[in-house]
Amino acid sequence: MYVPEPGHIVWAWIRPSLEEGAGGRAARIKVRAVDTDPALGDRLRLSGAELDPVYRPTGEVSVIVEPDRLWPVATEGDE
């Protein structure tokens, strides 16, 4: 299972609710913190800045993602 470190930039598939099976969107997130609380099961809570297509921050996010919906993009300094 891929667990990003703070400073990593990832693509994450974000659904409006983990209970809903459809919908959602992809977001590029520069990770500030990762929570692997056992209550989340396989899922991770990512906190950080959502980035636009040219890597500018557009706002802060805190989302729960499934590991199979999370892809590494870059580490700090690579963007």
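Reading from the N terminus, the elements of this chain go β-β-β-β-β. That makes five strands and zero helices, and keep in mind that the model is predicted. Here's a quick tour, from the whole chain down to a few residues.

**Overall picture**

- The chain has 79 residues, and 33% of them count as buried.
- Take the contacts between residues at least 6 apart in sequence: 43% of these join residues at least 24 apart.
- About 4,700 Å² of the chain is exposed, with carbon and sulfur atoms supplying 50% of that area.

**The nonpolar patch**

- W11, W13, W71 and V73 make a nonpolar patch on the surface, and it covers about 350 Å².
- Two strands each put at least two residues into this patch: strand 1 (9-14) and strand 5 (70-74).
- W11 is a good one to click on, and its place is in strand 1.
- With a relative accessible area of 33%, W11 is partly exposed, because that label covers values between 20% and 50%.
- Patch members need over 30% relative accessible area, so W11 at 33% is above that cut-off.
- Despite the tryptophans in the patch, the structure holds zero aromatic pairs.

**Y55 and its loop**

- Y55 sits in the loop that runs between strand 3 (44-51) and strand 4 (57-65).
- Its backbone is worth a look: Y55 isn't a glycine, yet its phi is positive, at about 65 degrees.
- For context, most residues other than glycine have a negative phi.
- Y55 comes out as partly exposed, because its relative accessibility is 28% and the buried label stops at under 20%.
- The ring of Y55 has a charged partner: R28 lies over its face, at 4.5 Å from the ring centre.

**S47 in strand 3**

- Moving back into a strand, S47 has its place in strand 3.
- Buried or exposed, then, for S47? S47 counts as buried, because its relative accessibility of 15% falls under the 20% cut-off.
- Setting aside neighbours within four places in sequence, S47 is in contact with K30, V31, R32 and A33, and also with V61 and S62.
- Of those partners, V61 and S62 fall in the range of strand 4 (57-65).

**Worth keeping in mind**

- Strand 3 (44-51) and strand 4 (57-65) flank the loop with Y55, and strand 3 also holds the buried S47.
- The patch draws on strand 1 (9-14) and strand 5 (70-74), with W11 as one of its residues.

Methods. Residues numbered from 1 in each chain as written. Predicted model: local features only at pLDDT ≥ 70, side-chain atom pairs only at ≥ 80, totals over all residues. Heavy atoms only, no water. Helix = DSSP H or I, 4+ residues; strand = E, 2+ residues; numbered from the N terminus. Buried < 20%, exposed > 50% of the residue type's maximum accessible area, 1.4 Å probe, protein only. Contact = heavy atoms within 4.5 Å. Areas by Shrake-Rupley, 256 points an atom, 1.4 Å probe, with all protein chains shown as cover. Patch = residues over 30% accessible without salt bridge, like charges linked within 9 Å, V, L, I, M, F, W, Y side chains within 5 Å. Salt bridge = Lys/Arg side-chain N within 4 Å of Asp/Glu carboxyl O. Phe/Tyr/Trp six-rings, centres within 6.5 Å; stacked < 30°, edge-to-face > 60°. Lys NZ or Arg CZ within 6 Å of the ring centre and 35° of its normal.
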